[in-house]
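Welcome! Let us take a walk through this model together, one part at a time.

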Amino acid sequence: MNVTNNMRVISICLVSILMICGMMFTLPHFSSQETFSGRVLERGSSGQDVVELQERLKYIGYLKDVTDGKFGWNTYWAVRKFQKDFGIKVDGKVGSKTQRLLVSKTKYNPTAKRENVHQGKQATYKAHGHSANDIKLMANAVYGEARGEPYIGQVAIASVILNRVESSSFPNTPSGVIFEPRAFTAVADGQIWLTPNENAKKAVQDALNGMDPTGGCTYYFNPATATSAWIWSRPQVKRIGKHIFCR
Amino acid sequence: MYSKIAGVLTPILAVAVIGLGMWGYQENQEKNSILIKAENQYQRAFHDLTFHMDQLQDELGKTLAINSRRQIDGTMSNVWRISSVARSDVGQLPLALMSFSKTEEFLAKIGDFAYKTAVRDLNKDPLSEKEYENLKTLHSRAVEIQSELRRVQSKVIDQKLRWMDVESALASEEENLDNTIIDGFRTIDKTVNEYSDIDFGPGIQTLQNKERFSDKNLTGKKITEEEAKKIALQFLGIQAGQANVKVDRGGKGHEYSAISVAVTKPAGNNTIHLDVTKKGGHVVWMINNRNIAKQKLDIQQAVQKGKAFLEKHGLKNMENYTTEQYDNTAVLSYVYSQNGVRIYPDALTVKVALDTGEVVGYQAEQFIFNHKENRKFVTPKLSMKQARKEVNPNFKVQESRKAVVLNDNNDEVLCYEFMGTVSDQAFRIFINVENGDEEVVEKLDKPGKIG
């Protein structure tokens with residue numbers, strides 16, 4: 001028992017050491033450091049190393065607001081100011097030089113801050129004006145409505161939700177659109193409360209990035225089950241998977 | 001023997017029957033109470049709607065009676081607020097999949113019109129004759145909607161009509177529904193539809209129908225399906241014959257007419273989808289939902305890959321302005337830059353996989369339908385320094401440049417763009433180069449569309 005446990009611990013250690021070595025090998029121009037992950041951080045980066053960056057910038061008064069782990073404009077300008085004040089190249093990117101300088105000038109307690117980010121701070125991050133929770137809700141709706149559909153069909157459903165939010169004939173919030181009585185069958189029969197998979201979340205993200213396979217549709221229906229004459233009278237755009245999309 | 005068994009079983013059976021009865025009764029009670037709750041929600045939304053339509057009609061009536069400009073601002077703000085509440089009421093009624101959309105649109109338009117009027121400086125720019133006429137028409141239409149709603153309302157109360165019946169009637173999908181509420185709402189929508197020709201002025205018009213995304217704004221000739229296939233393969237960098245290509249011509253409802261192309265490589269199991277416009281053969285969007293391995297590139301390298309991809313497809317002078325990482329992909333937005341002036345309406349998005357640097361997503365709707373080479377810019381009447389003074393003094397400017405954005409009326413305007421912070425929040429503010437107006441104020445750190 002003890003022997004096998006020890007073996008397991010040793011093998012896990014070995015594997016992780018190998019993985020770390022592998023990462024260093026693939027990114028040879030970054031010096032190894034105890035802190036930061038070794039990659040270049042810049043606008044758009046996110047993750048634990050961005051939290052570290054923000055914490056360090058806060059430590060010397062270059063940043064005041066939350067450490068959300070997202071390298072946004074605020075962090076960017078703080079980095080630029082830091083680079084300017086300390087006389088290194090001002091590019092707003094946190095490469096090995098800036099990282100080393102930051103490490104020497106500031107302190108960071110990795111264990112204390114890790115909890116801070118996990119306490120739901122992610123949920124307040126906004127993409128395209130929709131909160132992470134709005135996105136979750138839309139992913140739920142997409143999964144409930146179209147989990148058997150090809151990926152492109154799921155993006156299409158997410159697009160219809162977003163097109164409805166934009167349209168003046170529908171409520172103007174994602175929740176208003178999703179929970180409009182009789183609008184979605186998945187809402188009526190409770191399938192919306194199934195746990196969505198990664199694909200549904202990715203589909204919503206792609207739709208938010210503007211990819212709209214429907215070309216601006218606000219309706220869709222399954223021709224095998226829909227009997228409403230009204231829905232058939234809408235101008236049809238195309239068929240994706242089982243659904244016909246129309247305006 | 002039998003009597004013994006019967007003697008034991010009878011009381012058990014009796015208890016079981018009574019138990020079952022009680023359970024059934026309770027279930028039924030619970031079901032009824034949930035039905036009543038749902039019905040009450042509908043009733044509330046419906047009576048709220050009639051109440052708000054009453055108010056809306058009153059406030060619109062007031063604007064006709066009022067003479068002073070300042071008072072109009074007040075009533076217009078009320079109209080704007082009430083119309084939005086009324087829309088929210090409609091959204092809570094089980095009216096989806098029946099034609100009530102014209103009425104919702106009507107409410108939205110009233111709201112837009114009222115908002116524009118409320119925020120306008122009516123001392124400088126008073127209501128025109130036509131706008132006054134519009135107000136009159138809006139009012140008379142609101143009166144019609146309200147009187148029909150009132151009629152339905154009194155029937156609902158007098159005859160104890162239930163919204164749950166509306167729901168089940170609509171669900172039954174019968175051709176000839178005999179339902180007072182449904183009839184009433186259909187009449188309202190028909191009334192609104194009869195006068196759909198009202199002209200709300202340029203701003204509202206463009207807000208409603210995105211005419212910008214029409215074939216008119218495209219350059220080039222009509223293409224065939226074969227040409228669309230070729231364009232798709234060339235866009236993806238795949239040799240002809242190396243992949244299975246399918247096309248779908250699409251129906252008539254499309255905003256712009258496009259051919260959908262699906263490309264499947266025999267090796268991979270995923271299908272890449274693209275839309276190519278019928279006129280000019282422009283790729284509007286592309287999605288490649290392949291599995292993405294471990295991250296090998298950083299964002300800086302992804303930005304370069306994106307730029308190289310765009311240049312390969314003849315899109316020069318594209319400047320990257322936002323970067324965002326989702327899992328192992330980078331979503332990068334680019335705008336066209338003409339002599340250093342960023343043209344924000346000419347925007348496109350590229351999604352780069354961070355394992356190989358391959359472009360796995362592309363979205364260029366705005367760019368394709370807006371892009372023009374060699375725009376003519378107005379000569380600025382303000383210098384950047386003067387424009388800076390128009391910005392809130394608490395705003396700490398970090399970056400500034402010239403840029404073109406769309407204003408509220410969807411017109412392109414040349415501005416000075418100031419990026420910076422106010423109380424630790426990042427914003428960008430666009431100041432018109434001619435009159436110093438703040439055209440657009442946008443909160444940053446969310447990659448939204450601009451203009």
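## A guided look at the two chains

In chain B, residues 7–25 carry the UniProt annotation "transmembrane region", which comes from an unreviewed entry. Keep in mind that what you are viewing is a predicted model. Over residues 7–25 of chain B the chain is 100% helix and 0% strand, and the C-alpha atoms at the two ends of this stretch are 28 Å apart.

Further along chain B, look for a pair of strands. Strand S5 (residues 318–326) and strand S6 (residues 329–338) of chain B run antiparallel and are joined by 8 bridges. As an example of this pairing, B:Glu319 has B:Val335 in S6(B) as its bridge partner. S5(B) and S6(B) form a hairpin with 2 residues between the strands, and in this hairpin B:Asp327 takes a positive phi near 50°.

Now turn to chain A. Here you will find 11 helices and 5 strands. Chain A has 247 residues, of which 43% count as buried. Among the contacts in chain A with a separation of 6 or more, 56% are between residues 24 or more positions apart.

How are the strands of the open sheet in chain A ordered? The order is S3-S5-S4, and the pairing of these 3 strands is antiparallel. Strand S3 (219–221) and strand S4 (236–240) of chain A each have a single partner strand, so one side of each is left without a neighbour in the sheet. On average, neighbouring strands of this sheet are turned by 25° against each other, direction ignored.

S3(A) pairs with strand S5 (residues 243–246) of chain A over 3 bridges, in the antiparallel sense. One place to see this is A:Tyr219, whose bridge partner in S5(A) is A:Cys246. Helix H7 (residues 151–166) of chain A packs on the sheet and touches S3, S4 and S5 of chain A. The direction of H7(A) makes about 140° with that of S4(A).

Finally, let us look at the nonpolar cores. In soluble globular proteins, nonpolar side chains tend to be buried together. The largest nonpolar core in this model has 103 residues, and those with the most contacts inside it are A:Val142, A:Ala158, A:Ile161 and A:Val204. H7(A) provides the largest share of this core, 10 residues. Leaving aside residues up to four places away in sequence, A:Val204 touches A:Ile135, A:Met138, A:Ala139, A:Val142 and A:Ala158. Another core, of 35 residues, lies apart from the largest one; among its residues are B:Val90, B:Leu107, B:Ala142 and B:Leu170.

Methods. Residues numbered from 1 in each chain as written. Chains lettered and ligands numbered in written order. Predicted model: local features only at pLDDT ≥ 70, side-chain atom pairs only at ≥ 80, totals over all residues. Helix = DSSP H or I, 4+ residues; strand = E, 2+ residues; numbered from the N terminus. Buried ≥ 20, exposed ≤ 12 C-beta atoms within 10 Å, placed from the backbone. Contact = placed C-beta atoms within 7 Å. Pairing = 2+ DSSP bridges. Axes fitted to C-alpha atoms, helices over the stretch in contact; angles between N-to-C directions. Core = buried A, V, L, I, M, F, W, Y, C linked by C-beta atoms within 7 Å. UniProt positions renumbered as here; feature names shortened; annotations may be inferred.
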